[in-house]
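Please consider the chain shown below. The explanation that follows begins at a single residue and then widens to the surrounding architecture.

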Amino acid sequence: MGVIEEGAKKSSVLWLSLDRPRLAWHTWHDGAIYLVTGGGEQPLPGLAEAGEVRVTLRSKDNGGRLVAFDASVEVVDQANAPDAVAALAKERLNAPDGAKLLERWAAVSKVIRLTPREPVP
């Protein structure tokens with residue numbers, strides 16, 4: 001297991017370099033990071049339109065930077081990625097609409113896959 005996968009699995013949050021550094025919750029699934037934005041979920045302006053984003057993972061133990069890397073950004077067709085969407089939904093804490101969460105995401109949110117590139121020192 002590489003440092004990116006290990007870091008993403010150990011911490012449920014990461015930082016994205018967008019219009020400003022943005023904290024986001026996520027899940028690691030099948031070699032990539034998945035997160036959700038829009039429709040009452042975490043605001044991540046410009047992420048869905050970005051081709052690439054800088055991601056920073058911090059150590060859960062001491063909060064220091066664990067690794068920073070570029071990742072390609074892809075909006076996921078939720079109907080074609082049910083396992084990834086289910087893994088992400090499992091990590092969603094305090095959803096206001098519990099049983100209807102996946103319906104809301106399909107209607108008004110975007111699930112994003114971040115595929116890591118090589119980490120930088």
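**From a loop residue to the cores**

Leaving aside residues up to four places away in sequence, L18 touches L44, P45, L47 and V53. These contacts belong to a predicted model, in which the chain has a mean pLDDT of 91 and 93% of its residues reach 70 or more. L18 itself lies in the loop between β1 and β2 (21–25). Is this residue buried, partly exposed or exposed? With a relative accessibility of 22%, L18 counts as partly exposed, because the buried class requires a value under 20%. One of its contacts, V53, is 35 residues away along the chain, and the C-alpha atoms of L18 and V53 are separated by 7.3 Å.

The strands come next. β1 and β5 pair in the antiparallel sense over two bridges, and L16 has V55 as its bridge partner in β5. β5 also pairs with β6, again in the antiparallel sense, over seven bridges. Here L57 has V67 as its bridge partner in β6.

Several of these residues recur in the interior. The largest nonpolar core has 20 residues, and those with the most contacts inside it are L14, L16, L35, L47, V55, F69 and L114. At least two residues of this core are supplied by each of α1 (3–10), β1 (13–17), β4, β5 (52–58), β6 (65–75) and β7. The largest share, four residues, comes from β6. Apart from this core lies another, of 13 residues, which includes A32, A81, L88 and L101. Both L16 and V55, the bridge partners noted above, are thus named among the residues with the most contacts inside the largest core, as is L47, which L18 touches.

A second loop deserves attention. Q78 is found between β6 and α2 (82–91). Its relative accessible area is 15%, so Q78 is buried. What does the side chain of Q78 reach? It reaches the backbone nitrogen of A106, at 3.5 Å. Not counting residues up to four places away in sequence, Q78 touches V85, W105, A106, S109, K110 and V111.

The confidence of the prediction varies among the elements. Strand β4 (residues 32–37) has the highest mean pLDDT, 97, whereas strand β7 (residues 110–120) has the lowest, 86. Both strands are listed among the elements that each supply at least two residues of the largest core.

Notes. Residues numbered from 1 in each chain as written. Predicted model: local features only at pLDDT ≥ 70, side-chain atom pairs only at ≥ 80, totals over all residues. Heavy atoms only, no water. pLDDT = per-residue confidence, 0-100. Core = buried A, V, L, I, M, F, W, Y, C linked by side-chain atoms within 4.5 Å. Buried < 20%, exposed > 50% of the residue type's maximum accessible area, 1.4 Å probe, protein only. Pairing = 2+ DSSP bridges. Contact = heavy atoms within 4.5 Å. Polar contact = N/O pair within 3.5 Å; in protein donor to acceptor, adjacent residues only side chain to side chain.
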